[in-house]
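Trainee: Before I use the words for strands, sheets and cores, I would like to learn how each of them is justified here. Could we go through them one at a time?

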Amino acid sequence: AASDYVPQEGDIIFFDWADSNDGKADHVGIVEKVENGKVYTVEGNSTGDTCRQKEYSIESSVILGYGTPMY
């Protein structure tokens with residue numbers, strides 16, 4: 001997982017999918033919220049060419065890290 005950082009609404013979440021697991025970001029999303037040990041995201045091109053809401057365990061091994069834009 002991505003250290004002890006607790007993601008915040010609006011953070012960019014970076015994923016490194018298990019099939020590559022090379023330490024490089026394969027996909028990104030936007031953190032919608034964090035609740036009960038889960039991070040909820042909005043992601044484009046998630047399944048085909050759709051924009052979807054998804055959820056992951058905050059400890060998920062596919063989460064590479066987070067970006068914190070200066071909104």
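Trainee: Which residue stands opposite F15 in β5?
Mentor: In this predicted model, F15 stands opposite I63 in β5, and elsewhere in β5 the bridge partner of F14 is G65.

Trainee: How do you know that β1 and β5 pair?
Mentor: Two strands pair if at least two bridges are found between them, and β1, residues 12-15, has four bridges with β5, so the condition for pairing is met. The sense of this pairing is antiparallel.

Trainee: What makes β2 a partner of β1?
Mentor: Four bridges join β1 to β2, residues 27-35, and because at least two are asked for, these strands count as paired. They run antiparallel, and the bridge partner of I12 in β2 is I30.

Trainee: How do you know that β3 pairs with its partners, and what are the bridge counts?
Mentor: Five bridges join β2 to β3, residues 38-43, while six join β3 to β4, so both pairs satisfy the requirement of at least two bridges. Both pairings are antiparallel; V34 stands opposite V39 in β3, and T41 has K54 as its bridge partner in β4. In the hairpin of β2 and β3, two residues lie between the strands, and N36 takes a positive phi near 50 degrees.

Trainee: Why are β4 and β5 called edge strands?
Mentor: The open sheet has five strands in the order β4-β3-β2-β1-β5, with antiparallel pairing. The strands β4 (52-57) and β5 (63-67) each pair on one side only, and they are the edge strands. Neighbouring strands of this sheet are turned by 40 degrees against each other on average, with direction ignored.

Trainee: What makes the side chains along β1 alternate?
Mentor: I13 and F15 point to one face and are buried, whereas I12 and F14 point to the other and are not. Buried means under 20% relative accessible area, so that cut-off is what separates the two sets.

Trainee: Why is the group containing I13 and F15 called a nonpolar core?
Mentor: The name asks for buried residues of the nonpolar kinds, joined through side-chain atoms within 4.5 Å. The largest such core has eight residues, namely I13, F15, V31, V39, Y56, V62, I63 and Y66, and because they are Ile, Phe, Val and Tyr residues, their kinds fit that list. The elements giving two or more residues to this core are β1 and β5. In soluble globular proteins, nonpolar side chains tend to be buried together.

Notes: Residues numbered from 1 in each chain as written. Predicted model: local features only at pLDDT ≥ 70, side-chain atom pairs only at ≥ 80, totals over all residues. Heavy atoms only, no water. Axes fitted to C-alpha atoms, helices over the stretch in contact; angles between N-to-C directions. Buried < 20%, exposed > 50% of the residue type's maximum accessible area, 1.4 Å probe, protein only.
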